[in-house]
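Me: I have a structure open on my screen and would love a friendly walk through it. Could we take it one question at a time?

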Amino acid sequence: MFRFFYVILLNCWRAFYVIPTMRYKANRPARYTLEERYDYAKWVVHTMQHTGKVTTKACGLENLPEKNGYVLYSNHQGKYDALGIVDAHERPLSIVMDEARSHVMLTAQFLDLLESKRLVLDDMRQGLKIMKEIARELKEDHKNFLIFPEGGYTDNRNMVCEFKGGSFKCAQKAKAPIVPVAIINSWKVFGEKGIHLGAIETEVHFLPPLYYSEYMNMNTNEIASTVKTRIQQAILNNLRGEDLDVLQKQLSV
């Protein structure tokens, strides 16, 4: 957590023009394309990474569908997760986020810049409405979305918690490709206890997608279980040393 406040402190002076610029661009979609806004969002991420001595290694970019209109489903570890994925993903990406966490300064402007969606986790009616909106934009506008189907994060580190089947309804309705995403050691960026300011490398692995022909006969809970299993296996396959030992102990409990 110390690194989080360190990054904020060192970039306070930038906030005076970055936040208004994001708001300005977000409010003028006719003037600034989503691609242009996404490029600015990536610049913001790169600036934070440089200040915090963070790098993100992107793997499996060749697995991303050629055409837009797909959903990335990722495990969730902490505050850096979406930033790391945006850094690794070149094409515009809208984020689906818990409404309760989405109104913090900088976060709110960042989400609006990317035409993101806010989901009220305990409001089923609002959730269904958002899922329908996403499905329509996947199908008609060919937008790409990022969803964290765990619905939040705790101190799970590299262990993947249960995925909520309902988060897959939008992809199912739009018959869109589902891309599992495994993030590794993302929790270390802003979640390590104590004072740590050494360099950190996280990893983002884009796994082979599930196309509608593969999941059309599954219900959403079965899709969720399949995606979760693939992500956890990818993490196990790529972890090394002490991080792998810790995960194996967590999984054995």
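Reply: Happy to! One term first: two strands pair if DSSP finds at least two bridges between them. Please keep in mind that this is a predicted model.

Me: With that in hand, which residue of β6 is the bridge partner of Val71?

Reply: Strand β2 covers residues 71–74, and it pairs with β6 in the parallel sense over 4 bridges. Val71 belongs to that pairing, and its bridge partner in β6 is Ile178.

Me: And on β7, which residue does Val181 stand opposite?

Reply: β6 also pairs with strand β7, residues 200–206, this time in the antiparallel sense over 4 bridges. In β7, the residue opposite Val181 is Phe206.

Me: How many of the residues of strand β6 are buried?

Reply: Ile178, Pro180, Ala182 and Ile184 point one way from β6, while Val179, Val181 and Ile183 point the other way. Residues on both faces are buried, as all of those named are. The strand is therefore largely enclosed by the rest of the structure, and the count of buried residues is 7 of the 7.

Me: Zooming out, which strands stand at the edges of the sheet?

Reply: The open sheet has 7 strands in the order β1-β7-β6-β2-β5-β3-β4, with mixed pairing. A strand with a single partner has one side left without a neighbour in the sheet, so the edges are β1 (54–59) and β4 (117–119).

Me: What does the twist of that sheet average from one strand to the next?

Reply: Elsewhere in the sheet, strand β3 (residues 94–98) and strand β5 (residues 145–147) run parallel and are joined by 2 bridges. Ser94 stands opposite Phe145 in β5. As for the sheet with its order β1-β7-β6-β2-β5-β3-β4, the twist from one strand to the next averages 25°.

Me: At about what angle does α4 run to β7?

Reply: Helix α4 takes in residues 81–88. It lies across β1, β2, β3, β5, β6 and β7. Its angle to β7 is about 65°.

Me: Which element gives the largest share of the largest nonpolar core?

Reply: That core has 36 residues, and those with the most contacts inside it are Leu72, Ile85, Ile95, Phe110 and Leu146. The elements giving two or more residues to it are α2, α3, α4, α5, β6, α8 and β7. With 6 residues, the largest share comes from α3.

Me: Which residue of β7 does Leu72 touch?

Reply: Setting aside residues up to four places away in sequence, Leu72 touches Leu64, Ile85, His89, Leu93, Phe145, Leu146, Ile147, Val179, Val181 and Phe206. Strand β7 covers residues 200–206. The contact of Leu72 that falls there is Phe206.

Me: Is Val45 buried or exposed?

Reply: Val45 is found in helix α3. Beyond its neighbours within four places in sequence, it is in contact with Leu83, Val86, Asp87 and Phe110. The cut-off for buried is under 20% relative accessible area. Val45 has 1% relative accessibility, so it counts as buried.

Me: How far apart are the C-alpha atoms of Val45 and Ala82?

Reply: Along the chain, Val45 and Ala82 are 37 residues apart. In space, their C-alpha atoms are separated by 9.8 Å.

Me: What distance separates the end C-alpha atoms of α3?

Reply: The helix has 19 residues, and at 1.5 Å a residue they should span 27 Å. Just after α3 comes Lys53, whose phi is positive, near 60°. The expected span agrees with the model, where the end C-alpha atoms of α3 are apart by 27 Å.

Me: How wide is the arc covered by the buried residues of α11?

Reply: The buried residues of α11 are Asp243, Leu244 and Leu247. They lie on the same side of α11 because they cover an arc of only 95°. On the other side, Glu242, Lys249 and Ser252 are exposed. So the arc to remember is 95°.

Me: Which helices do the buried residues of α11 pack against?

Reply: Helix α11 has 12 residues and reaches 17 Å from its first C-alpha to its last, close to the 16 Å expected. Its buried residues pack against α8 (187–191) and α10 (220–238).

Me: Last one: is His142 buried or partly exposed?

Reply: His142 is found in the loop between α6 (124–141) and β5. Its phi is near 55°, a positive value in a residue other than glycine. With 47% relative accessibility, His142 counts as partly exposed.

Note on methods: Residues numbered from 1 in each chain as written. Predicted model: local features only at pLDDT ≥ 70, side-chain atom pairs only at ≥ 80, totals over all residues. Heavy atoms only, no water. Buried < 20%, exposed > 50% of the residue type's maximum accessible area, 1.4 Å probe, protein only. Expected span 1.5 Å × (residues − 1). Arc of directions from axis to C-beta. Contact = heavy atoms within 4.5 Å. Core = buried A, V, L, I, M, F, W, Y, C linked by side-chain atoms within 4.5 Å. Axes fitted to C-alpha atoms, helices over the stretch in contact; angles between N-to-C directions.
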